[in-house]
Structures are given as C-alpha cells and as structure tokens.
Amino acid sequence: MTRAVRLGPRSLLTLALVSAVGVVAFGWPFLAPPTSRVGTHTQDAPWLFAGLLVLLVAVVAAAIAESGLGPKAVAMLGVLAATGAALRPIGAGTAGIEPMFFLMVLSGRVLGPGFGFVLGNVTMFASALLTGGVGPWMPFQMLAMGWFTMGAGLLPGAERTRGRAEVRLLAAYGFLAAFAYGTAMNMAGWPFMGALASNIAFDPHAGVPANLARFVTYCLATSLGWDLGRALVTVVLTLALGPALLRALRRATRRAAFEAQVTFEAPER
C-alpha cells in the first residue's frame, strides 16, 4: 500500500521517545507520589511541559520529514492541514461540532501513521494561529491530535478492508478516539484549576485513587457533553462522507505516486 511517508528506524525511535515524554506530560499528576516535591509546582509544571513539547514535536516532525516527506507529500500536507484548520472554527461556541476530526481520521487511514502524526500537529498549529488560540494548551493539542490521526493509520486491514466495513471501522475509531482526545486534553488542563473548585481539582497531597475520582468527576462535570457531541459528529460525517472522501484521497495518493522517484532528463542536443 502506498504511504505518503515511510517511517524509518530513526523516526520510529524519535516518535516513541516523544510519545513517552508526552504521556508523562499529560499524566504527571498520577505519576508523581503525594510526597513528591512536584506538588509544590502544580501551576508551573504544565508550562514547563508545554515548552518542552513544542521542541519535541518539532524534533519528531523533522525526523519524519527527513525519512521521506517529499514535495508531493508536503503539498498534500498543506492542503489537508489548511482544510482541517478551516473546518475547526465552524463549530466555535457550539458543543461538539468539530468537523475537522473526521477529516483527520480519513486522512490518517489513507496516508499512513507517519503522515498522520505530522498532519495532526500542523493542523492544530495552523488552526491555533487562525483562531487566536495560542497558549500553553496548544502543544498538548498538537501532540494529542498527532496521536489521534496517527492511530487511524495504524488500524488493521489497510490493504484488505474496503467498503462499508472500513467506513464502520473508521466511525467506531473516531467515536472512541474523540473521547480519548477530550480526556487527554482534560488531563492537560486539570492541574491549572488549583483551588477554584476544590472538590474536583487536582490535590497534590492526595493519592492516585482520590485524584482519579476527582478527575473523573471533573470530566463528567465539564466536558462530557462536548466530547459526546464531537464523537457523534465524527461518526455521522464519517458514515455520510467517508466513502466518497476515501476514494478521493486514494485517487490523489495514486496520482501523486509518493514512492516514485522524481528524475529529470537532460535535454537533447
């Protein structure tokens, strides 16, 4: 199957290391013991991780690009990222109407996990510039969307599954991954609450079970409706537009012939 980007050993290692750091950046409230001195930096840690993630995401994107992100793939990346960035503000202020997610799912499926990771990062960065949503949450959004889009490219049956079965698979993935994305972003923003809502805020002196209960309550109280709306919109758009868009993406991929070497012949004299 043609992929826009072939992940080599170096880019795979870089992606694995950055993902590991990302897991720590998202989940540090559950990883640090109550006696840890990290608890005294509850408000500082998210900013530190945000700055670190910017550098690490840039490193992994550069590593993936070095492994074979040619001019054709860059052109398609620009088109899809611009489309995704334009789709994101459509539902601004309306819970869960985020049509960009279904485009990320289909793009990652057709173009592969390497391209998907870069696409997710670039789309979120572009949309943040477009909407003015630049802040400490942006690097977390970039990494989470990179994982979201990459996951679609890792789904099984990429060469064999077609038709309704594939569309249903992508719709199911989009539904679950939309909740996973929302949960990850909740985890990134949760420590910022401080003492604003003591019954659901992160308590650096509490154990994992107590903080987990607080976090679940926080998710239910603040974002369940939004995450459910995002998941349902992704499912509806995938089922309705998925077949046509998958065909269009695959047709564009074949015509681009990403893996074909570009050669130039000397003019005849």
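**Notes on an all-helical predicted model**

1. A nice place to begin is the aromatic cluster, which is formed by Phe30, Trp190, Phe202, Phe215 and Tyr218. Across the whole structure, a search finds eleven aromatic pairs. Please keep in mind that this is a predicted model.

2. On confidence, the protein chain has a mean pLDDT of 79, and 74% of its residues reach 70 or more. Residues 261-266 deserve a word of caution: their pLDDT is below 50, and beyond near neighbours in sequence this stretch has one contact in the model.

3. The secondary structure is quickly told. The protein chain holds nine helices and zero strands, and reading from the N terminus its elements run α-α-α-α-α-α-α-α-α.

4. How do the contacts spread along the sequence? Of the contacts in the protein chain with a separation of 6 or more, 83% are between residues 24 or more positions apart. One pair to look at across such a separation is Gly151 and Phe117: they lie 34 residues apart in sequence, while their C-alpha atoms are 8.5 Å apart in space.

5. Staying with Gly151, you will find this residue in helix H6, which covers residues 138-153. Is Gly151 buried or exposed? Gly151 has a relative accessible area of 16%, so it counts as buried, the cut-off being under 20%.

6. For the chain as a whole, buried residues make up 49% of the 269 residues. The protein chain exposes about 13,200 Å², and carbon and sulfur atoms supply 68% of that area.

7. The surface has a feature that I would invite you to view in the model: a nonpolar patch of about 420 Å², made by Val208, Leu212, Val216, Leu220 and Leu224. Which helix gives the most to this patch? That is helix H8, residues 208-222, with four residues.

8. Leu212 is a good residue to pick out from the patch, and it is found in helix H8. With a relative accessible area of 42%, Leu212 is partly exposed. That value falls between the cut-offs, since buried means under 20% and exposed means over 50%. Leu212 can belong to the patch because patch residues need over 30% relative accessible area, and Leu212 has 42%.

9. To bring the threads together: the chain is built of nine helices, Gly151 is buried in its place, and Leu212 is partly exposed. When you look at the model, residues 261-266 are the stretch to read with care, given a pLDDT below 50.

Technical notes
Residues numbered from 1 in each chain as written. Predicted model: local features only at pLDDT ≥ 70, side-chain atom pairs only at ≥ 80, totals over all residues. Heavy atoms only, no water. pLDDT = per-residue confidence, 0-100. Contact = heavy atoms within 4.5 Å. Patch = residues over 30% accessible without salt bridge, like charges linked within 9 Å, V, L, I, M, F, W, Y side chains within 5 Å. Areas by Shrake-Rupley, 256 points an atom, 1.4 Å probe, with all protein chains shown as cover. Salt bridge = Lys/Arg side-chain N within 4 Å of Asp/Glu carboxyl O. Helix = DSSP H or I, 4+ residues; strand = E, 2+ residues; numbered from the N terminus. Buried < 20%, exposed > 50% of the residue type's maximum accessible area, 1.4 Å probe, protein only. Phe/Tyr/Trp six-rings, centres within 6.5 Å; stacked < 30°, edge-to-face > 60°.
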